[in-house]
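The following paragraphs offer a guided reading of a single protein chain. Please keep the sequence and the coordinates at hand while following the text.

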Amino acid sequence: METLPNELRRAILEHLPLEDLKNIRQTSKSWGLLGQEYLLVPEFRTLPHRPDTLHLKGISSHPAYTPRIQSIHFNHGEVNEYSGRHNSYFLQYLMVPEERLTQQHVTWDAYAHFKKLTDKFLPSSCDEDTLTDIFAHLPNLTSLKISLMLCPFITPDVPDLLANIWVFPSTRLLPRVATVERMSSILNAVAANSATLSINTLSHDRLPFEFFFQNQNKIAVISSAFKNLTTLTLLMDYSDLPNNTHSSTTFSNLSKCLRTAPLLQNLSLAFQGRRKVDIAPLLSSFAVDEYTFQHLSTLQLQGMVTTEDDLYDFLVRHKSSLNHVTIGGEGVKQVRNPPNGGVYLDLGSWKGLVGRLNEELEIHKANGCAVFLQGDLKGLDSGEMWVFERPVEAEEAVGAENFDMFPHGIMEEDMEDMEDMEDVEDVEDVEDVGDAVWAV
């Protein structure tokens, strides 16, 4: 084994389980040196109840390990205890009372332990100075992901009930102020290292919309972190109380940040909240000077209200680069509910939009731009309404009848059941769900 070429030995190390890798590294100095680079996977994942930022700082100070880190995934998921306890009832209401109580005690004792650790480690996990120093020593870091929607309870010893209640969106806590502060610290740390760091992928799956309502000096720093992005995924949480009074300014700042990312190839913008968000200020900010993202090839828009003309103009301005467009999406839906990430047209019609895009983007041709529709789609002016569970080609989607059509065996009584379900917060004004098409 010692006489094998290094290339063959590396090929062996790449396929070894972690424990075997540790063992073979102890056999000799040469195996130890070769094997150390395989001890870390390229994506470093943090959890809110662990001191992972301190671990990452230790890695960033070791010259042999720093080149290995290419992506950091911050999991900031927390439990809304009130909703979590409420949701646990629906998972246990058929159980024997004694067994239910036993599971409840075990589950919430485990949660109390996790919460104690989370309160200890999460507040300092995004300290700006610490992250700035860490990023300065990770030369190959290119991707940052921030998540509040992924379950943080991934260890085998976690009670099943604690992990299972996470499927209910209301279980997932959104501390708005803390989330804005953490995102600001992360992007400020990126901006501080902009001379040496090239972050090309950034995603956040529940960013409060008011994050972009900051003073111009802060926006200037934050936007500089966007300059090398080729992929951006933002799901923004829109709450009427803090956001309605300053939405125009917030959209303007969002536009500024997007404009500082001229290399964007993949863009996904989504909103979640109690209603669809009117994106007229955002689209009009690009329309004023006919701004285009020269390299944009993939686009997805979810949870919005717009008009046929505004959406058409934005898409056609990018026809030279666009390859794939998805209008709408699954959204953040309740269990057993239809998707709620669709788009509403305030003026115009879906059939009119698709017909015009068919001419300009040549969506009917093999080498044209592929356009898909998904989620709850409405033409508020035209009266059109569809609900598509999965992405459907635009021409096929608008060709579906609005009424009395239940593809793939979706039964009328199933649609009636959906009418009776509570907390359908994001699907508005659906007086007769039976009239919608749920395309599976």
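In this predicted model, strand β2, residues 71-75, has five of its five residues buried, so the strand is largely enclosed by the rest of the structure. The criterion behind this statement is a relative accessible area under 20%. In a regular strand, side chains alternate between the two faces of the sheet. In β2, S71, H73 and N75 point one way, while I72 and F74 point the other way, and all of them are buried.

The strands that pair with β2 come next. Strand β1, residues 43-46, pairs with β2 in the parallel sense over four bridges, and E43 stands opposite S71 of β2. Between β1 and β2 the chain passes through helix α4, residues 52-60, and this β-α-β crossover is right-handed. Strand β3, residues 143-147, also pairs with β2 in the parallel sense, here over five bridges. In this pairing N75 stands opposite S147 of β3.

Strand β3 also leads to the nonpolar interior, since its range, residues 143-147, takes in L144. Which residues does L144 contact, leaving aside its neighbours within four places in sequence? The set consists of I72, F74, F135, I186, V190, I199, T201, L202 and S203. Two of these partners, I72 and F74, are the residues that point the other way from S71, H73 and N75 in β2.

L144 is also one of the residues with the most contacts inside the largest nonpolar core, together with F135, I327 and W350. That core has 87 residues, and helix α9, residues 176-192, gives the most to it, with six residues. A second, separate core contains eleven residues, including W108, F114, F153 and V158.

Another set of parallel pairings involves strand β10, residues 324-327, which is joined to strand β8, residues 298-302, by four bridges. Here Q300 stands opposite T326 of β10. Strand β10 also pairs in the parallel sense with strand β12, residues 370-379, again over four bridges. The bridge partner of T326 in β12 is F372. T326 therefore has a place in both pairings of β10, standing opposite Q300 on the one hand and bridging to F372 on the other.

Two loops that come before strands of this set deserve attention for their backbone geometry. Most residues other than glycine have a negative phi. E290, although not a glycine, has a positive phi of about 55 degrees; this residue is found in the loop between α13, residues 280-287, and β8. E362 likewise has a positive phi of about 55 degrees and is not a glycine, and its place is the loop between α15, residues 350-360, and β12. Are these residues buried or exposed? E290 counts as exposed because its relative accessibility is 58%, whereas E362, at 31%, counts as partly exposed.

For the chain as a whole, there are 17 helices and 14 strands. Buried residues make up 50% of its 440 residues. Among contacts with a separation of 6 or more, 79% are between residues 24 or more positions apart. The accessible surface of the chain comes to about 21100 Å², and carbon and sulfur atoms account for 52% of that surface.

Technical notes:
Residues numbered from 1 in each chain as written. Predicted model: local features only at pLDDT ≥ 70, side-chain atom pairs only at ≥ 80, totals over all residues. Heavy atoms only, no water. Core = buried A, V, L, I, M, F, W, Y, C linked by side-chain atoms within 4.5 Å. Buried < 20%, exposed > 50% of the residue type's maximum accessible area, 1.4 Å probe, protein only. Helix = DSSP H or I, 4+ residues; strand = E, 2+ residues; numbered from the N terminus. Contact = heavy atoms within 4.5 Å. Pairing = 2+ DSSP bridges. Right-handed = clockwise from strand over helix to strand, strands pointing away. Areas by Shrake-Rupley, 256 points an atom, 1.4 Å probe, with all protein chains shown as cover.
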